[in-house]
Amino acid sequence: MDTTMHLELKNIKHYYDTKSVLSIDLLQIEKGKIYSLVGPNGCGKTTLLHIMGVILAPTGGELFFEGKKIEHSGSRLIAARRRVTVVPQSPYMFDTTVRANVEYGLKARGIAKKERENRVDEVLNLLKLTAFAKRRARNLSGGETQLIALARGIILEPAILLLDEITANLDARHVDTIETIIRDINRRRGTTIIMTTHKLSQAYTLADQVFSLFNGRIVESGMYNLFKGAFRFTNQEPLFDTGKIAIHIAQRHEDDKAGHISIKPEDIIVSKEQLHSSARNLFSGTIVTIIQQGEAVHLEVDAQEHFRVQITPSSFHEMGLTLGTRVFLIFKASSVHVL
Amino acid sequence: MDYLIQGFVKALALIFSFDPEIYGVVARSLLFAFASTLLATVVGVPAGFLIASKKFRGKSIIITLLNTSLALPTVVIGLLGYAFLSHRAPLGFLDLLFTPTAVIAGEFILSLPVITILTITAVHAVDTRAYITAQTLGAGRRMQAWTIFSEARFAVLAAVVAGFGRAVSEVGAAMMLGGNIRHYTRTMATSIALEVSKGEFSYGLALGFFLMFVALSINILVHYFQIKGK
């Protein structure tokens, strides 16, 4: 057990009936950092978040909070839950007013009425929701409901805030508001934030570290360009058909068998001209996202499928790449990892 | 048809004459039903909540028995009550037979399963996300339970109103345990049975209107709570 870690998961396994949905040997979360958890639907993200939020007891394994093991029984369980708050993707609003919903967790902690009122006013003001205070929480739109759920979580000032796809299905204005708040509470309060997202650009712009989850396992960071499809043969050449593009692969697989592949972003060469090379895969597309992070520039290229590519800042500047630039992506068949 | 129309006119006349006999019966019926429903609520709602929210052996058997008791004829409850309360019966020493207490006890037994089983259904109908939300917001066990109860409150109110409906309209238990004694244990339902058997059709019809009015009010209330709960 590492006592410097805010949260630590060891040998966590979880089953629904007999189906394994989660198997994590070790996951360590440092205090005050923002983490993103990415992965396809059904890979176990929400289950993992519920285990970290102490609202789901794992079938096996141990969970440590600030070095102390969390037991799923007794008063220590409630105490642990009061340090970690989950904001779910489709939040449940209690059948009462917005104010009462936001106030709920403070009441659970026995906070005095006057202080409760002040804190609710403060958080509603922060989220520009003051006008909603007296409205029935169930009569709000999806975006407003998500903001109220966030308000209900952050008002508790938890040590760890777990956000499950909270910007999914929201319009750009609400996404901007939520992203600003996430950064703000992390910076001002030092809250550790773990968020699941489907949006890689959001994961990289907000998070200090990105984890990938696939089939219930944490996989090496860099497992991007994750595609779902079926294996095919054309002229005896093994291909992987995503439904939009056909990618050459090195290994032969049973025809028509469904599966997943991934390609490391750093294994993809970016060129502004069409190169003739021994690499079997060549696709053209346009740059739709540019994220500079430390010593790397991450590009998202729309080439019928969205590819993530990583280049150095000097290459990025020398090539004069901008949003909308047309580029060619080149990678070897052997760079494609069949999962 | 004339017979029916005459009865209807006479019934209206009786209602608007504010006949103390009729209004006395109505008031007594409502009082008995209110008292028995109150008792059945005090027992049935917490019992229903516990049965719905706990896992234990025999739970499905209890639910099956409660469902079965919904279909129990009221006269059977009256008969069983009589068997226990008559002078030579085990509880005869209490001297409760043909008293308002006996009528209330009979109506309590009839409305208890209605309230309990509908409370179980109400709690089961609460979205499972309500539990998870209460937990992640740090609620203790008591607050979690109160939250779930609060979320089910309209359906539970509908259960109580349905229990009242069962109590106010029953005739078998009130007749057998209360004895249909004038100014003492006579209720709307027992009075209708008596008056019609005497050939006093209009009197029975007037009481029938009151009973229908009560039943309609109850149904409107149940519907209102069901709509509120959605």
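**Around helix α6 of chain B, and one cavity in chain A**

Just past α6 of chain B, B:Gly138 adopts a positive phi of about 90°. That glycine is a handy place to start looking around this predicted model. The helix before it, α6, spans residues 128–136 of chain B, and its buried residues are B:Ala130, B:Thr133, B:Ala134, B:Gln135 and B:Thr136. As for what those buried residues pack against, chain B supplies α7 (141–151). Chain A supplies the rest of the list: the helices α2 (75–81), α3 (98–108) and α5 (142–154), along with the strand β6 (84–87).

How far can the prediction be trusted, by its own scores? For the model, ipTM comes out at 0.80 and pTM at 0.76. Chain B has a mean pLDDT of 90, with 99% of its residues at 70 or more. Going element by element through chain B, the lowest mean pLDDT, 78, belongs to helix α1 (residues 2–16). At the other end sits helix α5 of chain B (residues 100–124), which has the highest, 96.

Then there is the matter of empty space. The structure holds one cavity of 30 Å³ or more, and the largest cavity has about 30 Å³ of space in it. Its lining is made up of A:Leu163, A:Glu165, A:Ile166, A:Thr167, A:Ile182, A:Met195, A:Thr196, A:Thr197 and A:Gln202. Sorted by class, that lining has four nonpolar residues, four polar ones and one charged one.

How values were computed: Residues are numbered from 1 along each chain as its sequence is written. Chains are lettered from A and ligands numbered from 1 in the order in which they are written. This is a predicted model: local features need pLDDT of at least 70, side-chain atom pairs count only at pLDDT 80 or more; totals for chains, interfaces and linings use all residues. Side-chain values use heavy atoms; hydrogens and water are left out. On a 1 Å grid over the protein atoms alone, a cavity is a set of points where a 1.4 Å probe fits but cannot get out, and a pocket is an open set with protein on both sides within 12 Å along at least five of seven lines; lining residues have an atom within 4 Å of a point. Grid points are joined across faces, edges and corners, and a volume is the space filled by probe spheres set on the points. Ala, Val, Leu, Ile, Met, Phe, Trp, Tyr, Cys and Pro count as nonpolar, Asp, Glu, Lys and Arg as charged, and the others, Gly among them, as polar. pLDDT is the predictor's confidence in each residue, from 0 to 100. Helices (H or I, at least four residues) and strands (E, at least two) are DSSP runs, numbered from the N terminus. Buried means under 20% relative accessible area, exposed over 50%, partly exposed in between (1.4 Å probe, protein chains only). Contact means heavy atoms within 4.5 Å.
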